[in-house]
Amino acid sequence: MDLENQKRVKDFADEFGAENLVVLVGAAEGEAAGLAAETVTAGDPTFAGPLTGVELGLTVYHVCEPELKEEFDEAVYDEQVGMMEMVLDVDDIVSEMSSIREQFCKYL
Amino acid sequence: MNSVIKGASYVLAHTPQMVVYNGTTQTTERVVNPESEYLKELESHLRSYEECVNYWPNQVYIGNAHPDELAEVEFPYYDKVKEGAERFGKYGEIMPENEFLLLVQTCDMFEVVKLDKEFVAATKEAFVSNPIITEAIAARVEEGVELSEIEHLVNEEHAEGLYIAGKLVGCVKRAHDIDVNLSAHVMHENMMSKATSVLALLYAVRNTGIDAGDIEYVIDCAEEACGDMNQRGGGNFAKAAAEVAGLMNATGSDSRGFCAGPSHALIEAAALVKSGAYKCVAVTAGGCTAKLGMNGKDHVKKGLPILEDCLAGFCVIIAENDGVSPEINLDILGRHTVGTGSAPQNVIGSLVADPLARVGLKITDIDKYSPEMQNPDITKPAGAGDVPLANYKMIAALAVKKGDLEKKDMPGFAAKHGLTGWAPTQGHIPSGVPYIGFAVEDIKAGKIKNAMIVGKGSLFLGRMTNLFDGVSFVIQANTGAEDNSGVSEEEVKGLIAKAMKDFAETLMAAE
Amino acid sequence: MAILDGKKVIIIGDRDGVPGPAIAECVKTAGGEVVFSSTECFV
């Protein structure tokens with residue numbers, strides 16, 4: 001994850017409290033989604049950014065995951081994201097994201 | 001009449017040392033994590049020049065193989081060798097790093113590039129014997145300086161080192177002691193962009209068979225900015241490169257739009273020629289040192305070579321309709337507007353479906369789409385997926401939504417209307433334009449009747465707007481013979497005669 | 001229990017996946033407050 005974005009995530013966790021935050025990612029592939037999720041839960045796996053070694057354990061989802069979709073207005077989701085569902089490998093994304101959540105999320 | 005595409009050039013400079021010293025992934029890593037495993041392993045993952053030449057996507061880029069042939073190659077590509085691979089191709093070449101450094105020095109007008117005497121002596125013959133290097137450029141090669149002077153400049157004067165196989169052979173000096181926009185870092189970046197653009201211009205002139213003096217205007221559409229502290233993006237890469245390439249009758253300017261820059265510039269060029277403002281316009285861009293090794297961490301982690309080891313350049317020549325060359329049809333222009341938003345379907349809709357619908361065409365009426373032609377060998381291991389394929393899936397999905405395509409035909413859409421990506425991830429370089437050279441040939445050969453070039457840009461990276469951007473245009477077979485939209489000489493004479501007569505009548509009436 | 005309602009939401013979009021602003025539009029309909037939205041680019 002971009003270093004500046006890591007810094008912002010860390011600052012928001014300090015400001016609002018990790019339990020009040022939810023991170024949503026829009027990555028194109030399961031692996032990239034998983035890496036982003038890992039960064040905001042277990043710390044930056046590439047050891048490059050401000051979240052290196054910081055276990056925030058934030059709640060994190062990919063925007064295409066079914067339990068999140070349920071909460072969105074259907075028409076808006078369809079207009080904004082609908083077509084990407086046909087392009088992305090949603091199953092792969094879901095399995096990567098749930099695996100990270102099960103291991104590292106502290107506020108589920 | 002529509003303006004035409006006379007031809008194009010595509011060039012690469014293999015610069016593995018600049019991956020190490022100038023790519024931002026690596027320079028950032030040295031700041032935040034100087035002892036990292038990645039930096040230790042990096043050099044053992046750099047490709048040799050031969051490996052870079054033998055690489056299938058690179059051979060496609062310089063025109064030694066068609067993208068359709070690449071589609072037949074088993075993925076991934078990095079472990080395959082293109083049989084019969086060569087340094088020179090019909091569109092350009094893959095220049096080795098040592099010769100490229102001499103080209104960079106010949107492009108320097110302010111004595112900021114200094115090369116080691118011995119290095120110059122050892123490299124000069126190979127450089128000047130390259131047929132594309134003009135006598136004027138060869139004459140600009142300097143003898144070089146003592147290595148101790150270069151060491152002093154790098155160690156004491158903040159110069160950026162130039163290396164071959166880990167050995168210091170030269171440097172780019174700062175052009176000002178205080179001005180950050182003329183720092184050695186910025187000068188290095190800009191000189192490399194300029195030099196690759198010069199190489200692209202030289203090949204474009206050769207490939208199209210035009211005279212260098214025919215080019216009246218040059219548009220540079222890369223992503224760098226040159227200027228001093230009082231005008232950071234003042235410009236003008238276009239004219240600077242035209243000077244070295246010997247385009248004596250040209251002026252020019254820089255046009256910017258992130259990765260969408262080339263598509264914007266080509267539409268501007270086509271309009272300039274169609275309007276009659278200029279007869280012949282070159283759209284050119286050099287490469288980007290910052291992006292070298294951009295996804296290197298992922299490549300090294302997965303045991304791949306560093307695949308982002310080349311600076312790239314391209315040039316497209318737009319000229320008056322010659323009755324033969326494929327045309328840019330300015331009646332079919334897609335544009336992502338301020339109001340379009342960033343939903344992927346809106347972006348693709350504005351760039352693909354909307355401009356076609358405005359002239360009564362269906363998505364399937366376009367034979368080939370060239371959106372973002374990034375090489376998936378580079379992007380897939382980095383988690384960005386197969387970018388061209390994702391674009392084709394979206395276009396196909398949109399076509400189904402519009403009723404232009406049966407849902408069952410969706411999986412076949414990419415193979416029929418798409419291309420396999422081969423372009424290096426140099427930002428603006430992969431964005432639509434890599435196919436133009438092939439498109440011109442394929443249209444002339446009757447293999448396809450038209451192609452849509454789609455450029456998209458991530459404007460939000462500049463932190464000035466959150467907006468996305470993009471424009472698109474269609475290339476079609478020459479319609480010159482049947483085009484009568486222009487006004488003939490007789491008609492003009494008739495119009496003038498009528499105007500004079502009307503004027504005389506008003507004068508008489510006034511008396 | 002709702003995931004987004006009443007929460008502060010950070011969005012890390014992707015240029016070649018789902019961009020930040022598109023995700024933000026969805027979040028607003030689910031009662032989340034977007035405190036930061038960014039779009040990353042790997043190309």
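Reply: Let's start with a definition: a helix here is a DSSP run (H or I) of at least four residues, a strand is a run (E) of at least two, and both are numbered from the N terminus. Keep in mind that this is a predicted model.

Me: OK, how many helices and strands are there in chain A?

Reply: Chain A has six helices and two strands. Going along the sequence, they come in the pattern α-β-α-β-α-α-α-α.

Me: What does the radius of gyration of chain A agree with?

Reply: The idea is to compare the chain with a compact globule of its length. For 108 residues that would be near 13 Å, and chain A comes out at 14 Å, which agrees. If you prefer a box, the C-alpha trace spans about 35 × 25 × 25 Å along its principal axes.

Me: And how many of its residues count as buried?

Reply: A residue counts as buried if 20 or more other C-beta atoms lie within 10 Å of its own. In chain A, 49% of the 108 residues pass. You can also look at the contacts with a separation of 6 or more: 67% of those in chain A come from residues 24 or more positions apart.

Me: Now the contact between chains A and C: how many residues does each chain give?

Reply: People often give the size of an interface as the accessible area lost when the parts come together. Here we can count residues: 31 from chain A and 28 from chain C. On the chain A side, the elements giving two or more residues are helices H1, H3 and H4 and strands S1 and S2. By type, that side of chain A divides into 21 nonpolar, five polar and five charged residues.

Me: In which sense do S1(A) and S1(C) pair, parallel or antiparallel?

Reply: Two strands pair if DSSP finds at least two bridges between them. S1(A) and S1(C), residues 8-14 of chain C, have five, in the parallel sense. One to look for: Leu24(A) has Ile11(C) as its bridge partner.

Me: Over in chain B, which residues of H10(B) are buried?

Reply: In H10(B), residues 147-156, they are Ile150(B), Leu153(B) and Val154(B). Looking down the helix axis, these buried residues fall within an arc of 95°, so they line one face of H10(B). They pack against strands S3, S4 and S5 of chain B. Ser148(B), Asn155(B) and Glu156(B) are exposed on the other side.

Me: What phi does His158(B) take, just after H10(B)?

Reply: His158(B) has a positive phi, about 60°.

Note on methods:
Residues are numbered from 1 along each chain as its sequence is written. Chains are lettered from A and ligands numbered from 1 in the order in which they are written. This is a predicted model: local features need pLDDT of at least 70, side-chain atom pairs count only at pLDDT 80 or more; totals for chains, interfaces and linings use all residues. Two residues are in contact if their C-beta atoms, placed from the backbone, lie within 7 Å. Ala, Val, Leu, Ile, Met, Phe, Trp, Tyr, Cys and Pro count as nonpolar, Asp, Glu, Lys and Arg as charged, and the others, Gly among them, as polar. The radius of gyration is taken over C-alpha atoms; the globule rule is 2.2 Å times the number of residues to the power 0.38. A residue is buried if 20 or more other C-beta atoms lie within 10 Å of its own, exposed if 12 or fewer, and partly exposed in between; C-beta atoms are placed from the backbone. The arc is that of the directions from the helix axis to the C-beta atoms.
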